[in-house]
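Grab a coffee and open the viewer. Below are a few short exercises, each with a worked solution to follow at your own pace.

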Amino acid sequence: MNQLDFPILSLMLGLPMLAAIICLFLNAQAARLLALVTTLVLFALGIVLWANYDIGGPQWQYVERIELFGNFAWALGIDGISMMLIMLTVFLMPICIGASWESIKERVGEYMAAFLFMEVLMIGVFAAQDIFLFYILFEAGLIPMYLIIGIWGGANRIYASYKFFLYTLLGSVVMLIAMLWMVQDAGTSDIPTLLNYDFAPEAQTWLWLAFFASFAVKMPMWPVHTWLPDAHVQAPTAGSVILAGVLLKMGGYGFLRFSLPMFPEASEQFIWLIFALSMVAVVYTSLVALVQQDMKKLIAYSSVAHMAIVTLGLFAFNRQGIEGAIIVMLSHGLVSGALFLCVGVIYDRLHTREIDRYGGLSINMPKYALLFMLFTMASIGLPGTSGFVGEFLSLVGLYKVNSWVTLVATTGIILGAGYMLYLYRRVAFGELVHDDVKAMPDLSAREMALLAPIAAAVMWMGVYPESFMAPIRGDVGTLVARIDRAAPEGDAHLKMGQATAAPKGHEAEAGHGESH
Amino acid sequence: MTIQLIVFLPLLAAIVAGFGNRVIGNVPAKFVTTAALFVSCALSWPIFIDYILLSRAAEVVPVLTWVQSGDLNFEWSLRVDALTAVMLVVVTTVSALVHLYSWGYMEEDPDQPRFFAYLSLFTFAMLMLVTADNLVQMFFGWEGVGLASYLLIGFWFKKPTASAAAIKAFVVNRVGDLGFMLGIFGTFLVFGTVSIPEILEAAPAMAGSTITFAGMRLDTMTILCLLLFIGAMGKSAQLGLHTWLPDAMEGPTPVSALIHAATMVTAGVFMVCRLSPMFETSEVALAVVTVVGACTAIFAATVGLVQHDIKRVIAYSTCSQLGYMFFAAGVGAYSAAMFHLFTHAFFKALLFLGAGSVIHAMHHEQDMRYYGGLRKEIPLTFWAMMAGTLAITGVGIVGIGGFAGFYSKDAIIEAAFASGSSTGQFAFIIGVLAALLTSFYSWRLMFLTFWGTPRWIQSEHIQHSVHKTPETAEDSTGGYHPHESPFSMLIPLGVLGFGAIAAGFLFHNQFIDATEGFRFWAGSLAFDRHLMHEIHEVPLWVKLASTVAMLIGLTTAFLMYFRGKDRPARLAATFQPVYNFFFNKWYFDELYDLIFVRPAFWFGRLFWKTGDEGTIDRFGPNGVAAVVASGAGVAKKFQTGYLYSYALVMLLGLAAAVTWLIVRGAN
């Protein structure tokens, strides 16, 4: 069956599903406890998954398959990329439960159930090996998030959830039609088989566009990003964490799993579109982030800019770009999650997200100020934190393809430093002018326990990213080999001078991106 | 093992002091960090002396894998060669002394462990920078010192000016980093590696090749070197990207001495020297380095002439001296650049710490207009500052000897002349002119501070201290008694004073002598033996030029600030526009505010209000909602709040649709 001799993936889906149902019938405290224990057990299972993952072994591991009706099968299995994203999910989930421990007081059982259901869907999306199973889980992920925003959200929650729903659903309808056509054409709904099926180039074009409609919204890419700031602002803290931490990764995962390997020619054909939208996103949303008055909106806009680096890296068609994009996804999951928690910490004390209401927090909340600084720096991409590794690799990969785009995208490091440090200054620096701010206590033990593990992970990924890159290496290699036939030529066109002889035959491949 | 200790002890100490903070208390935190730095320093000098005596080859100690991504691999490692050895002693010595000095200077600060933790963290990052064997680790150190600099400039974060200066330093440096990063990307594209020795080895073969960058067809090595040089310009505050350095003086004075004079700001010079074989392959890049360096040298000197704040004068002086180092590198005299970096570290740290001692004595007053006559009150500080001034103005006698700056600055000026290129001649003329200005502003500082009659009571800080105003005070001292600083501050002044006097005399053979220098550097930078030989052959008037310039500057300053009471004011009034232009720092800050900062906010608001809300939302989701609402009234029902039923409908609908399509698709 697999290296563990029991269906661990099904267990990881079944367990939270069961707990979610039980939560509906429990009182508040019991629901909290059950949710926490369940998510911790899942985290432990995630570690088992990682520890037993055979790096360099078969591409798909922990495979399970039960045939259902028609073409439809309960098919699960993961490669290294899915595993890292599942790890991100199970790592953030207990933190989300902890973050909701005190701030959620109404309908606690239902709230915990929604989160556990969410976890089922997220793990399922990353583990699904059947394209329809993927679709159902992918779209169903909307529902608990929609409920979390709509019921436990802020004042304007209905508008935000409506916007969130409208945007994301629209794209998915066309994706479903595309999937049906694909299954008919290839005769299978099995994702590993589809990954090696060559669709006709003409068909690829519209299939790619159909998938793009869905993934671009989920990403979110400019200009279909406007649901994100509203969703974040209205969502409760834990909702924002999971939204930024995991849900935003589904778009990138979609590009990685479907668009690139299944439609390599079409992907190459639409590089201009991806590059154009991403370049606009980096500059546009960074500038918008600069003028925000609401902390959550600021971080939400910064997420759009960071996700643009992911799309740029993915569509560089080479190893550095794709590995970098995956690391940005993981890093952003941690860092933006942590930043939303940081906002939540002070929101819980003062019940406002308005930046100007704060100031001087370094004085009365030094521990908070330190951790907030660390995550700010990770968001800026300071070397030694996780933010740098991914950003650097993506941009290195991108540079091999297009120096213009890289130049524009790299301005993000200036703008990012601008808006994040400006935020930090207004929140943590200066004098304590407001009495209510002065009265705010430093991090509690519970809050410390939420933020410290993320801080450790951020540093780990920054100093020794090998732990996270080793499992994805083989899979990225497979992907790069698959799409290499469509890889664009770089724009560098290095030509040796006449006087000197060519050294080591190196320049021949330099302009061509990845060499295997 | 030694090198690991040197580099990681400061990190360990920073962690202990930073996290221990209030728990372990002030003295243990200060002790741990200071002791760690003195150990690092004690371990560094033998390495340096070893390289001087034995001229050893480079050594690389691997530490940990960092990133492996296809053909892009780099690791954490510590490289030691002659160039690193020089930086090791500079960094650890100044840092250790600054730690010690801060015991006295920061005595009354409520937040001392944090300060010392930042200082040690800075030292660690700087050491990682100078021991880097690949460009990415260098970038790590580069950003690490940037972080420490940000934290230390903003150390007194309650002051709005301090936190603004901190952001400015970080963001302006990031503009340079944009160039640095693109330089790394390009280097990897061309050479397939980020390992510095491998790049340097392959660089000559790339000379004359061409590449497309951002749509332009350019000489490969020129564009790579220039991109990297933009990074160097940011960190070393060269013209255009210099605006953060004067504002960085908001940080505590020991920080200015360590980071913004002796070590971090010289990282750009270090980078150019480290990559000198690469720069040697592009004449255009070298010409740009020369011109930028020369322009910075003269620009900063003109601004330094008229500033009132003692620290700002020294800050502009630093900026100007960094310009010297760059044009030395630009004309191919990398060893002279490093030599000036070395001597400058001693005398500029001395001047800053001396200024700190004056500020300490004058109850935090930094305005030189309110100093005067301090020679008698704080004699030890006076003599230390005197040594620093003699060193920076390059006092010495050709053929016999002199203070540290005499050796290094003259070598640079002579090398510029001897290089023979037209940019070299330009740099030579500018260098001599800037030497005149250097002498003037340095002596102006000395005369205003230590000579003349006390003008203390005009200072608000002093008024605050003695509870008197100029009207009520009996004389211009206001009865204030400046006190000499404690020993923890005087000892570093003494040690650096010795360096300012003797560093040039002791080490000039190793650094710049054509034969000795070649042996010492042992290939760790591009050493032009011919050029270093030529500098002895320049005409006598060239050798005397900088000394004459120094004397003119001294005399002018003497006449204006020692003898003439109202001459400076009259001169300023006569040349009002020029004075204002210099005093307002050539209006760089105003210009940048106008063309970068304001437009960024303006565009931000435009994109947000008109773009996102006014266009995308209006025609997107809101438009759809309006259409729907006018029709079936669905949107209205959305607001009735029956979310559960809607979620259920969604789920069921979804499942039904999928099932139907799948079953149909299967047939």
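**Exercise 1: Charges over rings**

R529(B) sits over the face of F518(B), 4.2 Å from the ring centre. Keep in mind that this is a predicted model. Your task: find which ring R426(A) lies over, and at what distance from the ring centre.

Solution. Go to R426(A) and look for the ring beneath the charge: the ring belongs to Y422(A). The distance to the ring centre is 3.8 Å.

**Exercise 2: Two aromatic pairs**

Work out how W76(B) and F140(B) are arranged, and which parts of chain B their pair ties together.

Solution. Start with the total: there are 93 aromatic pairs over all chains. In the pair of W76(B) and F140(B), the ring centres are 4.8 Å apart and the planes make an angle of 85°. Planes over 60 degrees apart count as edge-to-face, so that's the label for this pair. Next, place the residues: W76(B) belongs to strand β2 (residues 72-80) and F140(B) to helix α5 (residues 135-153), so the pair links parts of chain B that are 64 residues apart in sequence. Finally, check accessibility: W76(B) is buried at 6%, and F140(B) is buried too, at 13%.

Now try Y592(B) and F596(B). Their pair is also edge-to-face, with 5.6 Å between centres and 65° between planes. Both residues are in helix α26 (residues 588-619) of chain B; they're four residues apart, so about one helical turn separates them. Y592(B) is partly exposed, with a relative accessible area of 21%.

**Exercise 3: A hairpin**

Describe how strands β3 and β4 of chain B are joined, and say which residue between them takes a positive phi.

Solution. First, the strands: β3 (residues 210-213) and β4 (residues 216-219) of chain B run antiparallel and are joined by four bridges. Second, a bridge partner: F213(B) is matched with M216(B) in β4(B). Third, the turn: two residues lie between the strands, and A214(B) has a positive phi near 50°.

**Exercise 4: Cysteines**

How many disulfides does the structure hold, and why is C225(B) not bonded to C273(B)?

Solution. The count over all chains is zero. For C225(B), the closest cysteine sulfur is that of C273(B), and it is 13 Å away, so a bond is out of reach. A disulfide would need the sulfur atoms within 2.5 Å. As for surroundings, C225(B) is buried at 0% relative accessibility.

**Exercise 5: Where the chains meet**

Give the area buried between chain A and chain B, and name the chain A residues that lose the most.

Solution. Begin with the area, about 8300 Å², of which carbon and sulfur atoms give 74%. In chain A, Y162(A), F392(A) and Y399(A) lose the most area to chain B, together 8% of what that side buries. Then add the head count: 98 residues from chain A and 87 residues from chain B take part in the contact.

**Exercise 6: Two threonines**

Is T38(A) buried or exposed, and what does it touch?

Solution. T38(A) sits in helix α2 (residues 28-51) of chain A. With 6% relative accessibility, T38(A) is buried. Beyond its neighbours within four places in sequence, T38(A) contacts L15(A), P16(A), A19(A) and L116(A). For P16(A), the C-alpha to C-alpha distance to T38(A) is 6.4 Å, although the two are 22 residues apart in sequence.

Repeat the steps for T296(B), found in helix α13 (residues 283-304) of chain B. T296(B) is buried at 0% relative accessibility. Not counting residues up to four places away in sequence, its contacts include A237(B), C319(B) and G323(B).

Key. Residues are numbered from 1 along each chain as its sequence is written. Chains are lettered from A and ligands numbered from 1 in the order in which they are written. This is a predicted model: local features need pLDDT of at least 70, side-chain atom pairs count only at pLDDT 80 or more; totals for chains, interfaces and linings use all residues. Side-chain values use heavy atoms; hydrogens and water are left out. Rings of Phe, Tyr and Trp (its six-membered ring) pair if their centres lie within 6.5 Å; planes under 30 degrees apart count as stacked, over 60 as edge-to-face and the rest as tilted. Buried means under 20% relative accessible area, exposed over 50%, partly exposed in between (1.4 Å probe, protein chains only). A charge sits over a ring if NZ of Lys or CZ of Arg is within 6 Å of the ring centre and within 35 degrees of the ring normal. Two strands pair if DSSP finds at least two bridges between them. Contact means heavy atoms within 4.5 Å. Buried area is the accessible area (1.4 Å probe) that two parts lose on being put together, summed over both.
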